Amino acid sequence: EGVQPQEYVLIKMEVLTPFSPKLKALEGRNVYLAAATLRPETMYGQTNCWVLPDGKYGAFEINDTDVFIMTERAALNLAYQHLSRVPEKPTCLAQLSGSDLIGMRLRSPLAFSGPIYALPMLTILTDKGTGIVTSVPSDSPDDFMALQDLVTKPALRAKYGVKDEWVLPFKVIPIINIPEFGDKSAEKVCFDLKIKSQNDKEKLAEAKRMTYLKGFTDGTMIVGEYSGRRVQEAKPLIRKKLLDEATAVLYSE
Ligand code: A2H
């Protein structure tokens with residue numbers, strides 16, 4: 001945990017009906033996987049959502065209509081940020097494990113392809129954000145490698161009950177150009193550094209260092225409403241658009 005509070009944008013990834021048996025009681029409500037991101041401008045490139053298979057999650061009442069699926073820790077923080085039906089007290093409507101979430105069909109704001117699926121990522125931390133991560137393999141080395149692992153390892157798919165059609169064909173959606181790295185910076189850097197899997201922590205840290213700052217300082221949007229604009233300019237505009245449309249909320253920890 002840093003000393004500075006971190007402000008995330010929580011992307012409301014809508015769970016599409018019909019709901020799975022564990023969520024049946026929630027039919028009639030708007031249920032979302034709440035994914036924490038620092039890069040709202042990348043939401044055009046979402047291809048799927050990530051959950052930790054062994055992670056503990058809950059479905060928490062945000063208001064009379066909306067329910068967010070996330071960790072209890074995040075629900076408690078949100079309750080203190082006025083996002084809970086009962087002020088300062090999270091109300092859990094269903095306890096869920098990450099495995100219960102795998103295969104959920106989702107509709108996510110700004111995503112071109114849809115529906116997208118919740119898939120397993122083994123490196124998710126449960127003490128950061130909401131424990132739910134939206135996947136942008138074009139610009140996030142972690143996302144690219146986790147998806148690459150599922151695509152190239154049928155045994156991994158089998159282990160977590162991931163159907164072939166949820167990950168194949170593997171298509172990275174170009175959304176940002178970085179002069180040094182091209183239109184799929186994460187893919188390029190993962191190949192250049194010869195990263196083997198999502199567990200290759202040191203190399204992934206290096207890949208993130210290489211792409212993260214450059215995306216912000218040198219990146220240009222090549223899709224969406226702000227196509228042609230610098231990432232630096234587009235980021236606050238896209239963030240505001242998501243918040244105004246109420247397809248996202250702010251969350252600090
Ligand atoms: B980012 P920081 Cl395109 N466990 O969103 C692991 N990773 C998590 C997480 C958790 N519990 N919660 C959030 N994250 C990810 C987009 C993105 C992100 C791109 C490029 C880089 C990037 C799409 N995934 O992050 O430790 C989320 O992924 C690189 C740092 O708080 C979130 O933003 O700095 C980021 O890590 C937050 O990481």
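**Figure 1. E41 is a buried residue of a loop.** E41 has a relative accessible area of 0%, so E41 counts as buried. The model shown here and in the other views is predicted. E41 sits in the loop that runs between strand 2 and strand 3 (48-51). The side chain of E41 meets the side chain of R39 in a polar contact of 2.7 Å.

**Figure 2. R39 is the partner of E41 in a polar contact between side chains.** R39 is placed in the loop between strand 2 and strand 3. Its relative accessibility is 11%; R39 therefore counts as buried, the limit being under 20%. The contact from R39 to E41 spans 2.7 Å. R39 also has a neighbour from far along the chain to look for in this view: P236. The two are 197 residues apart in sequence, yet their C-alpha atoms are 9.9 Å apart in space.

**Figure 3. Helix 8 holds P236 and R239.** P236 has a relative accessibility of 43% and counts as partly exposed. R239 is partly exposed too. Its relative accessible area is 26%. R239 pairs in this view with L38, 201 residues away in sequence. From C-alpha to C-alpha, R239 and L38 are 9.9 Å apart. P236, in turn, is shown with R39, at a C-alpha distance of 9.9 Å.

**Figure 4. G45 is buried in the loop between strand 2 and strand 3.** The relative accessible area of G45 is 0%. This value is under 20%, so G45 is classed as buried. P174 is 129 residues from G45 along the chain. In space, the C-alpha atoms of G45 and P174 are separated by 6.8 Å.

**Figure 5. The ligand is surrounded by a shell of 16 residues.** Y8, L125, K128, T134 and D143 come nearest. The shell is made up of 7 nonpolar, 5 polar and 4 charged residues. Strand 2 (30-37) supplies at least two of the shell residues, and strand 9 (132-135) also supplies at least two. The ligand takes up the space of the largest pocket.

**Figure 6. Polar atoms of the protein approach the ligand at T37, L38 and T134.** Which part of T37 is involved, and at what distance? An N or O atom in the side chain of T37 is 2.7 Å from an oxygen atom of the ligand. At L38, the backbone takes part: one of its N or O atoms lies 3.2 Å from a ligand oxygen atom. T134 uses a polar backbone atom, which is 2.7 Å from a nitrogen atom of the ligand. How much of the ligand does the protein bury? Taken alone, the ligand exposes 700 Å², and the protein buries 86% of that.

**Figure 7. Two peptide bonds that lead into proline are cis, at P18 and at P169.** The bond from T17 to P18 is cis, and its omega is near 0°. P18 belongs to the loop between strand 1 (7-15) and strand 2. The cis bond between L168 and P169 has an omega of about -5°. P169 falls in the loop that links helix 5 (164-167) and strand 10 (176-177).

**Figure 8. K194 is a residue other than glycine with a positive phi.** Phi of K194 is near 55°. K194 is part of the loop between helix 6 (185-192) and helix 7 (201-218). Is K194 buried or exposed? The relative accessibility of K194 is 56%; the cut-off is over 50%, so K194 counts as exposed.

**Figure 9. A246 has a positive phi although it is not a glycine.** The phi of A246 is about 60°. A246 lies in the loop between helix 8 (231-244) and strand 12 (248-252). With a relative accessible area of 42%, A246 is partly exposed.

Note on methods:
Residues numbered from 1 in each chain as written. Predicted model: local features only at pLDDT ≥ 70, side-chain atom pairs only at ≥ 80, totals over all residues. Heavy atoms only, no water. Near = heavy atom within 4 Å. Polar contact = N/O pair within 3.5 Å; in protein donor to acceptor, adjacent residues only side chain to side chain. Areas by Shrake-Rupley, 256 points an atom, 1.4 Å probe, with all protein chains shown as cover. 1 Å grid on protein atoms, 1.4 Å probe; cavity = no way out; pocket = protein on both sides within 12 Å on 5 of 7 lines; lining within 4 Å. Sits in = over half its atoms within 2 Å of the grid points. Helix = DSSP H or I, 4+ residues; strand = E, 2+ residues; numbered from the N terminus. Nonpolar A, V, L, I, M, F, W, Y, C, P; charged D, E, K, R; others polar. Buried < 20%, exposed > 50% of the residue type's maximum accessible area, 1.4 Å probe, protein only.
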